[in-house]
Amino acid sequence: MNDVKTSTGGNKPYIRVDNLKKYFHTKRGLLHAVDDVSFTIQKGETLGLVGESGCGKSTLGRCLIRLLETTAGSVVLHDEKAGTDTDVTKVSSSVMKELRKKVQIVFQDPYSCLNPRLSVWELIAEPLIVNDVFANKNDMRARIRELMNTVGLAERLENSYPHELDGGRRQRIGIARSLALNPEFIVLDEPVSALDVCIQAQILNLLNDLQKEFHYTYVFISHNLSVVKHVSDRIAVMYLGKIVELSNYKELFVKPTHPYTQALLSAIPVAKLDVQKERIILEGDVPSPINPPNGCRFMGRCRYCQEICRKETPDLKEVLPDHFVACHLTPVI
Amino acid sequence: MDANTQNNLLLEIQDLTIQYITDAGTVHAVENLNLHLGHGETLGFVGETGAGKTTTALGIMRLIPSPPGVVKSGKIIFEGQNLLEKSEPEMRAIRGGKIAMIFQDPMTSLNPVMTVDKQIAEMIKLHKNVGEAESLKLAGDMLELVGIRRERMHDYPHQFSGGMKQRVVIAIALACDPGLLIADEPTTALDVTIQAQVLELMKKLKQQFDASMILITHDLGIVADICDKVAIMYAGRVVEYADKRALYSNPVHPYTIGLFNSVPDLDDDKEALNVIPGLMPDPMDLPAGCTFHPRCTCAAEQCSKTKPAMIDVGNGHFAACPIRAKALGAA
């Protein structure tokens with residue numbers, strides 16, 4: 001794929017992903033989890049990654065912070081102060097250990113990502129101890145208190161264990177852990193999917209407030225489009241390992257251009273009456289990502305599918321300013 | 001209730017109270033629940049985790065695990081008969097035959113070591129007087145009805161995708177033409193595009209089979225799509241019950257309003273969501289009076305003392321909040 005540049009002025013992007021690929025070897029063949037994606041993220045912005053299960057969004061999120069080794073491509077992190085560029089996928093493990101303080105992740109399921117045998121206090125202290133942040137116990141105590149305060153956990157909970165807490169509070173622990181080392185970049189992998197709507201709203205507000213205060217850069221992964229729209233500056237829609245559309249959050253909802261995005265948007269149930277919209281019901285399921293054929297990944301379910309779609313894989317092209325779409329038929333439909 | 005709705009009544013729940021009695025204390029899962037459902041209606045049952053939605057559904061099916069579950073009081077009148085007075089053999093004929101249930105997770109509700117045609121045929125043989133060959137033929141018909149090709153009837157559940165598995169579960173539920181279908185979060189485990197397919201199918205089949213439905217969900221969007229009436233549950237009680245149109249255009253109970261505000265709006269571009277402060281109360285230790293009063297913005301002194309009754313605020317729109325009802329001039 002050709003270079004994809006965002007036209008956000010002359011500023012160097014904070015993260016630049018080029019031709020990133022992640023394949024898994026399976027018994028039945030090569031699984032193309034993430035297949036040749038390129039994009040950039042500016043400092044302090046939130047990039048939303050949406051798609052259905054198995055589209056590669058979590059794999060991509062993990063590749064960004066090297067929790068998975070990539071098959072090909074690069075993820076370049078730009079340090080504005082030092083003026084240096086680091087390719088996360090290629091640095092040595094000792095450099096990576098230092099870098100991990102800057103890049104963090106919050107996982108989806110607050111029930112399984114916390115060690116059930118550690119108390120809230122120990123869970124939040126863990127990253128601080130592992131990285132030898134404080135020589136002095138009192139400083140560490142102050143920092144843990146501060147973190148608990150930041151994410152809205154009451155001090156009386158510090159000796160509780162995860163099983164005693166509800167999902168929302170557990171997710172707050174996960175967030176506190178990721179904030180402990182003052183990161184710059186946080187991958188939020190479905191952070192609110194396991195929570196009820198009221199708790200979900202509380203966590204979304206918290207994440208928003210934290211970003212305002214500390215200027216974090218987020219990648220927000222979710223299958224829930226209304227949540228993604230609420231938090232993101234730009235949104236990338238993924239289908240079967242590819243980014244099919246990338247645009248400003250407002251424009252994506254006003255002018256969805258890729259047929260898959262259109263179908264996805266029309267499928268969201270809206271909590272309102274008399275919403276006039278065309279329901280596009282997609283036939284069939286997402287095909288297997290193992291040894292995908294040439295051509296557009298979406299062709300089997302696309303209502304506009306043409307001859308060219310079966311032969312050539314479409315590139316992500318800028319069809320409108322800052323609005324990228326990977327579809328052969330974009331100007332037509 | 002006028003005579004017309006009385007005749008049309010399929011299910012009526014009166015003062016249903018269900019508790020789980022454990023060593024740690026008594027869990028008040030459902031308290032004084034009143035509901036009615038007419039023929040052909042779809043009732044949406046909305047609430048957060050632990051609000052008692054599933055317990056109510058299991059109560060109707062008489063499937064509350066006991067111990068620790070106990071139905072303390074109340075009546076569940078289905079087609080004029082109280083289900084709570086039925087014997088176990090009578091209940092077995094009703095379950096699946098007259099009232100069928102669709103569970104949330106299709107992977108755990110299907111038998112992994114049995115082909116899907118046999119699972120559907122099992123249901124048919126149990127309730128209809130037909131032989132093996134005939135039941136398998138009917139099973140194939142059911143599969144075609146839910147949009148699965150007949151050739152796949154000898155496949156095992158793991159050979160199907162999540163959406164297809166839920167279709168199989170729907171085929172089992174509808175195999176004996178039940179009058180009432182209880183769907184407990186039928187699409188929560190599915191992706192949005194697959195969810196749209198399954199909801200479309202359920203809407204179509206409900207019409208075709210002329211069945212009534214109770215749809216348990218936490219998604220107000222799904223309710224807007226397919227329900228006629230809505231009951232909002234909070235901490236074991238129904239706090240608001242109304243026609244869908246009335247509820248969506250004019251929510252009355254503060255909890256319902258909070259619930260609507262918590263959902264990020266696709267059309268709106270506001271920064272922060274108006275959240276309901278605090279958490280759902282522990283069902284072992286419910287607050288006195290109105291269970292919602294510690295989190296409520298319009299709570300008054302009386303709210304912590306008296307349990308609010310359901311008040312009709314107009315045209316069969318009930319809400320358990322005297323303060324708001326008064327403001328609307330109904331009490």
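Which residues of α8(B) are buried? Keep that in mind while setting up the view.

This is a predicted model, in which local features need pLDDT of at least 70, side-chain atom pairs count only at pLDDT 80 or more, and totals for chains, interfaces and linings use all residues. Residues are numbered from 1 along each chain as its sequence is written, and chains are lettered from A and ligands numbered from 1 in the order in which they are written.

Select chain A. Its secondary structure comes to 10 helices and 12 strands (DSSP runs, H or I of at least four residues for helices and E of at least two for strands, numbered from the N terminus). The C-alpha trace spans about 70 × 50 × 45 Å along its principal axes.

Colour chain A by pLDDT (the predictor's confidence in each residue, from 0 to 100). The average is 88, and 95% of the residues score at least 70. Residues 1-9 of chain A stay under 50. Where pLDDT is low, the predicted coordinates should not be read in detail.

Now select helix α8 of chain B, residues 192-209. Its end C-alpha atoms are 25 Å apart, which agrees with the 26 Å expected for 18 residues at 1.5 Å a residue (1.5 Å times one less than the number of residues).

Its buried residues are V192(B), T193(B), I194(B), Q195(B), A196(B), Q197(B), V198(B), L199(B) and M202(B) (buried: 20 or more other C-beta atoms, placed from the backbone, within 10 Å of the residue's own).

Last, select D210(B), which follows α8(B) and has a positive phi, near 55 degrees.

Key: Buried ≥ 20, exposed ≤ 12 C-beta atoms within 10 Å, placed from the backbone. Contact = placed C-beta atoms within 7 Å.
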